[in-house]
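Grab a pencil and work through these short exercises. Try each task yourself before you read the solution.

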Amino acid sequence: MATLNPRIRDWRDKRVWLIGASSGIGAALAERLAAAGARVAISARREARLRAVAARCGGARVLPIDVTECGRLASAWDALRGEWGGADLVVFCAGSFHPRRSWEMTAESARATLTVNQLAVFDGVSAVVPTMLAAGCGGLVLVSSVAGYRGLPQAVEYGPGKAALINLAEILYLDLAPRGLGVWLVDPGFVDTPLTARNEFPMPALISADAAADEIVAGLASGKFEIHFPKRFTRVLKLLRLLPYRWYFPLVRRSTGL
Ligand SMILES: NC(=O)c1ccc[n+]([C@@H]2O[C@H](COP(=O)([O-])OP(=O)(O)OC[C@H]3O[C@@H](n4cnc5c(N)ncnc54)[C@H](OP(=O)(O)O)[C@@H]3O)[C@@H](O)[C@H]2O)c1
């Protein structure tokens, strides 16, 4: 059966740029892909952590950037393109999460979260797509979240940005797949990383960053559009997506106590 995306099974000499790879899922994925033979470039703000990840990757290219600085993703891409001639895969993994209720949000905090989680992805996508279209190949991986499926309490800034990424990935797929590019949407459930360390509630179906990286690698090999995991959790949330509001709201209140 035809798949929605190319199946990536052989990583030898694949050029992969991971944005948001100084810790957590991005770092684990960088290590996993480097071990499989990919040429890896990694970006985030904390250079020392990037260098530690690069050492575990056997010498990845380190491009320290703050994705919220206008033009930084484009200039990093120019540098990488100059060295590599392009990239086979760009993974947008940078993200920020602060659990907040609606009354705790400020204009500044919302802007800060949405700039990392959403606007920076637009910056990066618009920087790399022209090169990939000219080459007629390449792929984009957008790391969203099951928090983007429907509204959840404590995700007042995080959820809307992740919902936007799901919508963006669908549009990118419609535009770019017929032109030879791959577009993948990654929707993790709870993963044990610094981002979730501040959650004070028991996280259902929590998995490690290494397990998340394995799921992403398996998903990229399968040719699917959406890579979601762990299935025992994400399938439940997919069902919740179908509920009418009059059932959804009371169920969320009851299960979260919020
Ligand atoms: N953990 C989960 O349960 C979970 C669930 C669903 C989705 N996700 C998504 O998975 C992605 C990775 O998160 P994670 O859980 O692995 O958390 P993490 O360990 O905190 O990783 C976040 C990464 O984003 C980078 N980053 C944050 N702000 C940045 C900025 N302004 N400029 C450049 N890089 C920046 C961080 O590096 P620096 O701080 O060094 O810049 C870090 O490398 C995020 O998009 C997150 O929303 C996570």
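**Exercise 1.** Which residues in α1 are buried?

*Solution.* Keep in mind that this is a predicted model.
Step 1: find the helix, which runs over residues 24–35.
Step 2: apply the cut-off, where buried means under 20% relative accessible area.
Step 3: list what passes: G24, I25, G26, A27, A28, L29, A30, L33 and A34.
Step 4: draw the conclusion. Nine of the twelve residues of α1 are buried, so the helix is largely enclosed by the rest of the structure.

**Exercise 2.** Compare the reach of α1 with the span expected at 1.5 Å a residue.

*Solution.* Step 1: go from the first C-alpha of α1 to its last, and you get 17 Å.
Step 2: set that beside the expected 16 Å; the two are close.
Step 3: look at what follows α1, and you meet G37, with a positive phi near 110°.

**Exercise 3.** Work out which side chains make polar contacts with oxygen atoms of the ligand, taking S23, R45 and Y158 in turn.

*Solution.* Step 1: for S23, a polar side-chain atom sits 2.7 Å from a ligand oxygen.
Step 2: R45 also has a polar side-chain atom 2.7 Å from an oxygen atom of the ligand.
Step 3: in Y158, a side-chain N or O atom is 2.5 Å from a ligand oxygen.
Step 4: now check the cover: the protein hides 95% of the 870 Å² of accessible area that the ligand has on its own.

**Exercise 4.** How many nonpolar, polar and charged residues does the shell around the ligand have?

*Solution.* Step 1: sort the shell by class, which gives 15 nonpolar, eleven polar and four charged residues.
Step 2: trace some of them back to helices; α1 and α5 each supply at least two.

Key. Residues numbered from 1 in each chain as written. Predicted model: local features only at pLDDT ≥ 70, side-chain atom pairs only at ≥ 80, totals over all residues. Heavy atoms only, no water. Helix = DSSP H or I, 4+ residues; strand = E, 2+ residues; numbered from the N terminus. Expected span 1.5 Å × (residues − 1). Buried < 20%, exposed > 50% of the residue type's maximum accessible area, 1.4 Å probe, protein only. Polar contact = N/O pair within 3.5 Å; in protein donor to acceptor, adjacent residues only side chain to side chain. Areas by Shrake-Rupley, 256 points an atom, 1.4 Å probe, with all protein chains shown as cover. Nonpolar A, V, L, I, M, F, W, Y, C, P; charged D, E, K, R; others polar.
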